[in-house]
Amino acid sequence: MSLVAEAFMNQLAAAEPWPENAALYQQLKEDQILLSDNASSLAVQAFLQMCNLPVRVVCRANAEYMSPSGKVPFIHVGNQVVSELGPIVQFVKAKGHSLSDGLDEVQKAEMKAYMELVNNMLLTAELYLQWCDDVTVEEITHPRYGSPYPWPLNRILAYQKQWEIRRKMKAIGWAGKSLEQVLEDVDQCCQALSQRLGTQPYFFNKQPTELDALVFGHLFTILTTQLTTDELSEKVKNYGNLTAFCRRIEQQYFEGHDKDNSGTAAARSAKRSLLR
Amino acid sequence: MAAPMELFCWAGGWGLPSVDPDCLAVLTYARFTGAPLKVHRVSSPWRSPSGRLPALKTRDEGTISKTQQIITHLRKQKYNADYDLSATQGADTLAFVSLLEEKLLPVLIHTFWVDAKNYVEHTRKWYAETIPFPLNFFLPNCMHKQHVERLQLMWGDGYMEDEEKLEKELYRDARECLTLLSQRLGSQKFFFGDSPASLDAFVFSCLAPLLKAKLPNGKLQQHLKSLQNLCNYCTSILSLYFPWDGGDPPASAPRVGGAEGGDAEEDPHKRRNQLLSVLVGLAAMLGYAFLSGIVSIQRGAVGPAGRQPIALEEEEEEEEE
């Protein structure tokens, strides 16, 4: 699409208000979705909840292929399809809703930097654990990833994805890392986040921003997903203020939502171990 | 007192002590902390002990090749630039380094190595002139391919093929990153007050090549030049920590001089190459002559005996025919 056409479409998007039937697409929650995709999806859901924009979650086995960028989640609003948290934040901003307007320039710089930290370290660590750690790959990832498809397609798709992710890990220099080093990095990242959060309710004091949504998405998923070992969630549990942060956001933005939508509540409680 | 460790890094150019961002980061960090390093500025990775640059040769732990690991090693040896930072500042360092690595560094690599005009007219030319014969024929191309593949894996095929999309989204993010850095720096001397930290080393290593290189296609460069505080920041670090090998070094190692005064050195090399090729040609012809028996040397009487083998040869040839 040329630049002029894109600008025109953006203007159109801005003109329309948020519809009632906005949908967020992700993979099947019970059987198929993996740790990293679940984290990204939860981050977007949290962000939209914080902006008070209603969205319903639709689970499809081929969500990854429907997405324009190949990554989940993506939202279908009106006749526009936008994927990944960054573009979704901008799209929502074009419609007039923004969480970070009240921040000054330095704070905006810090917010962007911390979001990149989460993407760079937490997301990559999740991908590493899912696709490069042999035990996890065999016991969890392969069975889950191809579960909606018949044999041999499920094995082929899983191997294809694994090969793609491993090449990417090599390109960014994570292929040579051992599991201990990756957990070390996760610990460093959590320490940095914990430091930044301190005793405040949100990262930028009183109001939540997209950074809070992103951190919540990843940390909550890590804390509540059962893997072959508990080491990853133990790293996060070391930091009390981060677990309290997750609990606070869950209670504030997802409790009410869960009461309306009993399907998601049941699904989430199947994995939940946070509120023990 | 530890014996000086040896650091191998790419040679300097364009007014910088080293042209490669990774090498520059390590060099700058070492200068900030005053670590005693013996720096070898080499013009090809084959000269380094591990085959890659930068490489740190230590006494106890062999050779370390990754930038982050080198800096960690220096920290363990008590050369720590982040000693005075508070925990929050340490967290900010991690965050901003991630921002640089995700948003700015890939676009920087693209500007220098993938963008057609820049690569052909500037980067490849410099590397081909610096790297010695015969590596300079294939090594720059090799590096170019490696970088293209890396970017392809990071960004996906969609961006690499669509120039407009690349320009619009990724370069825009890079420009935003530069603006954010400028806002965070403000009017301070370094990012965390008056003394430099590891974040300053990373930021400098990304910004300095972008600022100093004379790129033909320099949109990102222009944006950087419009951010006055970042330009001043780079020049002040250069003048404070690299005062003598920032510009054209007249009296320093001949290798570095050779890289920049390439014209002066070209003539003697050319003559030497011509002489070599003539000698090789002569040796080949003589060798063939001896081996096929057209000419042969016999010990003893020179005159008549010399003619006999030739006569014999002619007979043999007649017989063969």
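Aromatic pairs, counted where the ring centres of Phe, Tyr and Trp (its six-membered ring) lie within 6.5 Å, number 17 over all chains. One of them joins Phe203(A) and Phe245(A), whose rings are edge-to-face, 5.5 Å centre to centre and with 80° between the planes; planes over 60 degrees apart count as edge-to-face, those under 30 as stacked and the rest as tilted. This is a predicted model, in which local features need pLDDT of at least 70 and side-chain atom pairs count only at pLDDT 80 or more, while totals for chains, interfaces and linings use all residues. Side-chain values use heavy atoms, without hydrogens and water, and residues are numbered from 1 along each chain.

The Phe pair links distant parts of chain A, 42 residues apart, with Phe203(A) in the loop between helix H8 (179-197) and helix H9 (210-224) and Phe245(A) in helix H11 (residues 240-260); helices are DSSP runs (H or I, at least four residues) numbered from the N terminus. Phe203(A) counts as buried because its relative accessibility is 1%, and Phe245(A) because its value is 0%, buried meaning under 20% relative accessible area with a 1.4 Å probe and protein chains only.

In chain B, the ring centres of Trp113(B) and Tyr127(B) are 5.1 Å apart with planes at 45°, so this pair is tilted. Because Trp113(B) lies in helix H3 (residues 87-114) and Tyr127(B) in helix H4 (residues 116-130), the pair ties together parts 14 residues apart in sequence. Both Trp113(B) and Tyr127(B) are buried, and they belong to one aromatic cluster that also includes Trp10(B), Trp14(B), Phe112(B), Tyr119(B) and Trp126(B).

Technical notes:
Chains are lettered from A and ligands numbered from 1 in the order in which they are written. Helices (H or I, at least four residues) and strands (E, at least two) are DSSP runs, numbered from the N terminus. Buried means under 20% relative accessible area, exposed over 50%, partly exposed in between (1.4 Å probe, protein chains only).
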